[in-house]
Amino acid sequence: MAMLEISDMQLLNSLVKNVDMVEDAQPCNLYREVLILQHHTDIVRALIKVDDHRCVSAGDDCTAALWDIEDGRKLNVFSGHKLPINCILLLKPEPGSYDDILLITGASDKHIKVWNIETGQCLEDITEHNSSVKCLASLPAFDIFISGGEKLCAWSRKGKQLHQVENPGKADIQFLLPIKENRFVAACEESLYVYTVEYCGDSCEIKFFKHLFRQHREAIGSLINVPDGSFASGSLDGLIVLWSSHTLSAIRQFNQIKEEKEFRGIDNHYPFSIQHMISPEKGCIFAAVGNSIYVFDITKDQGRIIAKKQDAHMSKIKHMDFLYHGLYLATCSEDGAIKLWGRAPAEKNDKDYFMNPLETFTGLSDKIRKLKKSETVEPCLLGECLGHSGAVQLFVDFGEEGFVSCGGDGLLILWKDGVLQNLKRSQFIGEMTGATQSSYTCSTLTGLSRPIFTGDDDQATLRTEESPSD
């Protein structure tokens, strides 16, 4: 084992002092049951939701797998790549169509494979990409998909190559983001390039449209659409840039760190790097800034921080999203932990159902944008989900059915609501024995209600609030 440098030890010690921990008893954490899904033999880097009860995982063992998350069954295995799978994509049929859902896998072996997700059959083995496939994106309006790496390629649903263009950047394209007006953005190191797609009949052409004026000084690590008709890019130097999807110009910048030695950090650690961002509603961006959580009000020119949790993890946050219909903001990290953030149960009330994710997270409604510039909201640590022995890459939410995480240990872990699972088992036993069902069954918790936990003992108590009628 390599010895830690003194600077690394100092950094680690400072983090240990600042990072919040939870006790063994976690009354606010509903995820009290776990199921280990074993198949992969190497790092699982990709995870995608198929529908309300299935997901697909893929990783460095060159395979992908389809899972039923209700009981953890492995439904199909997709094997055939010779090198790690870097990206996956689902092509869903149009409403009313009898076409099957297709799984697209792109790998370092320069192959793109098209699979029937129901049968596991490989329908097409595409070799014309001619380089490592780093990213995939769909263009539903045309029923085609595009792939990125050394080049950009457009493909039909059945895997026929429609067009190919050279990448103007010196490095491979790492991210592809469809935006408005049949355009998509490609991220290559610190640069962004915009392309248009012209599609007519069976022909398609990708045209270079614009090289966006350089804003970032380091490689881009996250690229997302924002609900107000814009998109955002975040990079290793900590900078977040908000772009107009219409004019393709930079609207404003957030979290700008001027000094190079500061954003590079000790031994080029990049302590403020942007690994992931989400924008669950208009006017805000949640960003993983190093090992911290920042929430930016993007309606202001200054990009004011309205909520922040400094040193949320021991290591950098790799992914974040809301779970259980906004009950938690979850973050996962290189430190192997998944943490659940929000407000303490004592601060929750029956009006929470009508709040959007930002209001639920902060506890503020119309007051959130009226905070003084120096004021920020700090979320509470509601629980930890500890099960991975390596970095947690990402997770996918399934609402009442729980969520699935994947990591560097090659495992998928299905995290379940223990209270709900007990209710389901009780209902099942009651049905099997012919007992009269309780009026408080698991149907109360699925689709028609929202869970709120209360109490301060070592068991989470669950009550529900009825959804408003349409």
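Which residues have the most contacts inside the largest nonpolar core? In this predicted model, they are Ile 146, Leu 176, Phe 184 and Tyr 195, within a core of 20 residues.

## Nonpolar cores

Seen by element, two or more residues of the largest core come from each of β10 (135-139), β11 (144-148), β12 (151-156), β13 (161-166), β15 (183-188), β16 (191-200) and β17 (203-211). A separate, second core comprises 19 residues, among them Tyr 324, Leu 327, Tyr 328 and Cys 332.

Phe 184 illustrates the packing of the largest core. Beyond its neighbours within four places in sequence, Phe 184 is in contact with Ile 146, Leu 152, Leu 176, Leu 177, Pro 178, Ile 179, Tyr 193, Val 194, Tyr 195, Val 197 and Ile 206.

## Sheet β2-β3-β4-β5

An open sheet is formed by 4 strands, ordered β2-β3-β4-β5 and paired antiparallel. Because β2 (44-51) and β5 (73-79) each have a single partner strand, they stand at the edges, and one side of each is left without a neighbour in the sheet. The average turn between neighbouring strands of this sheet is 20°, direction ignored.

Strand β4 (residues 63-68) runs antiparallel to β5 and is joined to it by 6 bridges. Asp 68 lies opposite Arg 73 of β5.

## Sheet β6-β7-β8-β9

Another open sheet of 4 strands follows the order β6-β7-β8-β9, again with antiparallel pairing. Its edges are β6 (85-91) and β9 (122-126); each has a single partner strand, so one side of each lacks a neighbour in the sheet. Here neighbouring strands are turned against each other by 15° on average, direction ignored.

Between β6 and strand β7 (residues 102-107), which run antiparallel, there are 6 bridges. Ile 88 has Thr 105 in β7 as its bridge partner.

Note on methods. Residues numbered from 1 in each chain as written. Predicted model: local features only at pLDDT ≥ 70, side-chain atom pairs only at ≥ 80, totals over all residues. Heavy atoms only, no water. Core = buried A, V, L, I, M, F, W, Y, C linked by side-chain atoms within 4.5 Å. Buried < 20%, exposed > 50% of the residue type's maximum accessible area, 1.4 Å probe, protein only. Contact = heavy atoms within 4.5 Å. Pairing = 2+ DSSP bridges. Axes fitted to C-alpha atoms, helices over the stretch in contact; angles between N-to-C directions.
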